[in-house]
Amino acid sequence: MWLSWKIANASPPGVGDTVGKPLSFFQAAAFQWVNPKVWATGLSATSLFAPERVLVSVFVVASAFAIIGFAANIVWAWMGTVLQHWLMAGRRLCLFNIAMAVLLIGSLYPALRHGG
């Protein structure tokens, strides 16, 4: 709920922001080695789609995930660029932030419904 409040009330970029240095491509790639979501996804995919753990099956699963992940990241980055320009209007950004906050709160419903 706190994060939703922060998102809904976020100020536009550039208002009181400190400028940070983003990770380089290689730093971001190296960071994935300590990303728990990557490990969880990799272990789940291997156990589900290559349960016999034959090297060829593991390679096919890893290759499929790499290709799909690469394509998804390209689309994600492109959409971010398009949305960045579209959200430059202050009113759109405010409505977008409120919508994201509401969706975040809505994502709690399944956990709360089942006793979380």
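Exposed means over 50% relative accessible area, buried means under 20%, and partly exposed is what sits in between. I'm jotting that down before anything else, and also that this is a predicted model.

**Entry 1: the start of the chain**

I began with Met1, which sits in the segment before helix 1 (2–8). Is Met1 buried or exposed? Its relative accessibility is 65%, so it counts as exposed. Next I looked up how far Met1 is from Val102, 101 residues along the chain, and got 9.6 Å between their C-alpha atoms.

**Entry 2: the other end of that pair**

Val102 belongs to helix 5, which covers residues 90–106. Its relative accessibility comes to 53%, and because exposed starts over 50%, Val102 counts as exposed too.

**Entry 3: Gln27**

Where is Gln27 found? I located it in helix 2, residues 25–31. With 41% relative accessibility, Gln27 is partly exposed. I then checked Gln27 against Pro12: 15 residues separate them in sequence, and 27 Å in space, going C-alpha to C-alpha.

**Entry 4: Gln32**

I moved along to Gln32, in the loop between helix 2 and helix 3. Gln32 is partly exposed, because its relative accessibility of 32% lies between the 20% and 50% limits. For Gln32 and Cys94 I noted 62 residues of sequence and a C-alpha to C-alpha distance of 32 Å.

**Entry 5: a nonpolar patch**

Which residues form a nonpolar patch on the surface? I wrote down Leu23, Phe31, Trp33, Val34 and Trp39. Together they have about 620 Å² of accessible area. I picked out Trp39 for a closer look and found it in helix 3, which spans residues 36–49. Its relative accessible area is 45%, so Trp39 goes down as partly exposed.

**Entry 6: helix 3 and helix 4**

A reminder to myself: two packed helices are described by the angle between their axes and the distance between the axes. I looked up both for helix 3 and helix 4 (residues 55–86): the axes come within 10 Å and cross at roughly 130 degrees. Why is helix 3 called oblique to helix 4? The angle is not over 145 degrees, as roughly antiparallel would need, and it falls outside the 65 to 115 range for roughly perpendicular, so oblique is the word. I also noted that the crossing of helix 3 and helix 4 is right-handed.

**Entry 7: Arg53**

My last stop was Arg53, in the loop between helix 3 and helix 4. What is the phi of Arg53? I read a positive value of about 55 degrees, although Arg53 is not a glycine. That caught my eye because most residues other than glycine have a negative phi. As for accessibility, Arg53 has a relative accessible area of 56%, so I listed it as exposed.

Methods
Residues numbered from 1 in each chain as written. Predicted model: local features only at pLDDT ≥ 70, side-chain atom pairs only at ≥ 80, totals over all residues. Heavy atoms only, no water. Patch = residues over 30% accessible without salt bridge, like charges linked within 9 Å, V, L, I, M, F, W, Y side chains within 5 Å. Areas by Shrake-Rupley, 256 points an atom, 1.4 Å probe, with all protein chains shown as cover. Salt bridge = Lys/Arg side-chain N within 4 Å of Asp/Glu carboxyl O. Helix = DSSP H or I, 4+ residues; strand = E, 2+ residues; numbered from the N terminus. Buried < 20%, exposed > 50% of the residue type's maximum accessible area, 1.4 Å probe, protein only. Axes fitted to C-alpha atoms, helices over the stretch in contact; angles between N-to-C directions. Parallel < 35°, antiparallel > 145°, perpendicular 65-115°, else oblique. Left-handed = near helix turned anticlockwise from the far one by under 90°.
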